[in-house]
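Dear colleague,

Please find below the structure that I am handing over to you. My notes on it follow directly after.

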Amino acid sequence: MDNAKRELPIKDQFILPDGMIYLDGNSLGPLPKAVEATLQTCVRDQWGQHLIKGWNLDDWMGQPMRVGNLVGRLIGAPEGSVVMGDTLSVKVYQALASALKMRPDRKVILSDSGNFPSDLYMAQGLIAQLAQGHELKIVAPEAVSAAITEDVAAVMITQVDYRTGRIHDMNAITAAAHAAGAVMIWDLAHSAGAIPVDIAASGAEFAVGCTYKYLNGGPGAPAFIYARPDIVADLSTALSGWLGHDAPFAFEASYRPAADIERMRVGTPPVLQLAALEAAMTVWGEVDMHDLRAASIALSELFIAEVEARCPALELASPRDSAQRGSQVSFRFAHGYAAIQALIAQDVIGDFRAPDIMRFGFTPLYLDSDDVRRAVDILQNVLDARLWDNPAFQAVSRVT
Ligand SMILES: Cc1ncc(COP(=O)(O)O)c(C=O)c1O
Ligand SMILES: Nc1c(O)cccc1C(=O)C[C@H](N)C(=O)O
């Protein structure tokens with residue numbers, strides 16, 4: 001297949017600095033043009049002029065469900081089954097706490113060593129808080145299915161590994177969890193907007209994810225949570241904030257959860273961030289996820305082929321089979337941190353994950369094959385000329 005035919009034509013909908021090749025949309029997506037204008041309106045006209053009336057006039061209170069439905073379409077969730085709010089770590093906690101309540105006789109939470117640390121930390125914190133003898137079992141990614149035994153209450157897996165990009169088989173793991181009577185939670189942080197997902201078809205009970213990566217909602221954009229519609233009415237929400245109440249403005253003294261997914265809301269929605277995200281979601285109107293996936297694979301394959309041909313010091317850390325890989329490609333290199341800094345100094349933006357992973361995200365909404373070739377030209381120069389071997393590139397910054 002000709003790579004050019006796989007490219008998506010909406011690069012002009014994003015604001016990217018001149019000359020920059022942005023290969024970090026898997027960590028923080030760039031600014032969609034629609035967001036800039038919407039935020040101006042939201043700040044100046046809504047907040048500025050409507051003030052408190054904005055909750056009704058501009059339906060700020062409806063944002064978490066309205067935007068949840070937009071995100072839901074990208075992950076195969078039915079209308080009304082996804083709600084926005086809080087950070088992903090908080091949503092992991094809520095999903096996990098709800099899942100444990102569904103299996104009171106079981107004490108094991110199963111996850112894998114490829115999971116993002118915050119998910120594991122939230123599980124550890126919840127276990128300590130409950131003090132009921134739960135245990136977090138962490139196995140190798142390849143060992144997950146075999147480790148789903150009948151003492152497992154919840155299987156909590158991030159579908160696409162943040163370091164290597166390796167994809168877990170969502171349907172197979174969910175089926176294994178259900179066969180053993182466990183509840184399934186998927187973290188779609190590196191999946192939503194990156195690969196086609198059909199959460200409803202998987203049958204999983206919960207999915208959570210963030211929106212600042214491939215959904216381009218901006219730094220600090222809120223997370224989403226999905227719960228399978230047939231279980232919602234009985235879910236314990238763990239964090240019983242007033243906006244998850246069935247009638248928040250009745251101001252009752254006792255908590256009574258909303259009948260639907262809104263029970264997973266906690267407190268006041270981040271209105272400006274949700275306005276930004278709602279505008280960012282308009283770019284998906286013209287994108288078919290299967291076209292996007294094909295374009296992402298074409299760009300990733302091109303990158304791997306070019307790097308392997310021209311940069312022999314780097315070792316592929318991602319699965320070679322594109323079907324097993326998300327929308328990022330990682331290479332191992334002992335001087336990876338400094339090499340990434342040297343690349344960034346030349347406006348090729350990737351990132352580094354300890355101990356030695358150079359990570360590059362491929363987002364076909366705003367990247368094409370010329371960008372990929374140019375990025376590899378610069379990478380080759382960084383390696384051939386040992387540009388990484390410069391003290392200026394070794395000082396580790398607070399955020400990598
Ligand atoms: C898989 C995964 N889970 C959880 C998080 C944490 O998200 P947040 O900082 O929004 O709580 C991240 C990224 O930071 C992530 O990649
Ligand atoms: N959420 C982030 C942040 O607030 C600062 C820097 C990076 C992040 C990230 O999202 C990291 C990301 N989850 C990762 O895959 O490494």
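I begin with the ligand sites. The shell around ligand 2 consists of 3 nonpolar residues, 1 polar residue and no charged residue. Its members are S27, F116, Y162 and V399. Please bear in mind throughout that this is a predicted model.

Ligand 1 is surrounded by T87, L88, S89, F116, S118, D119, T158, Y162, D187, A189, C210 and A223. Two elements, α4 (88-102) and α5 (117-130), each give two or more residues to that shell. By class, the shell around ligand 1 holds 6 nonpolar, 4 polar and 2 charged residues. F116 and Y162 appear in the surroundings of ligand 1 and also in those of ligand 2.

Next, the domains. The chain is divided into domain 1, made of 3-32 and 288-393, and domain 2, which covers 37-285. Taken over C-alpha atoms, the centres of domain 1 and domain 2 are 28 Å apart. To their contact, domain 1 contributes 26 residues and domain 2 contributes 21 residues. On the domain 1 side, α10 (289-310) and β12 (328-332) each supply at least two of the touching residues. That side of domain 1 divides into 10 nonpolar, 13 polar and 3 charged residues.

Helix α1 may also be of interest to you. This helix runs over residues 33-50 and has 18 residues. From its first C-alpha to its last it reaches 24 Å, close to the expected 26 Å. A bend of about 30 degrees occurs in α1 at C42. C42 is also buried, as are V35 and T38 in the same helix. The cover over the buried residues of α1 includes β3 (31-32) and α9 (271-280). After α1 comes L51, with a positive phi near 45 degrees.

Finally, one loop residue. Where does V160 lie? V160 is placed in the loop between β7 (152-158) and α7 (170-179). Is V160 buried or exposed? V160 has 24 other C-beta atoms within 10 Å, and therefore counts as buried, since the cut-off for a buried residue is 20 or more. Leaving aside residues up to four places away in sequence, V160 touches G165, I167, H190, S191, A194 and G326. Between V160 and A77 there are 18 Å in space, C-alpha to C-alpha, and the two are 83 residues apart in sequence.

Yours sincerely

Note on methods: Residues numbered from 1 in each chain as written. Chains lettered and ligands numbered in written order. Predicted model: local features only at pLDDT ≥ 70, side-chain atom pairs only at ≥ 80, totals over all residues. Near = placed C-beta within 6 Å. Nonpolar A, V, L, I, M, F, W, Y, C, P; charged D, E, K, R; others polar. Domains from an automatic or database assignment. Contact = placed C-beta atoms within 7 Å. Helix = DSSP H or I, 4+ residues; strand = E, 2+ residues; numbered from the N terminus. Expected span 1.5 Å × (residues − 1). Bend = angle between axes of the 7 residues up to and from the residue. Buried ≥ 20, exposed ≤ 12 C-beta atoms within 10 Å, placed from the backbone.
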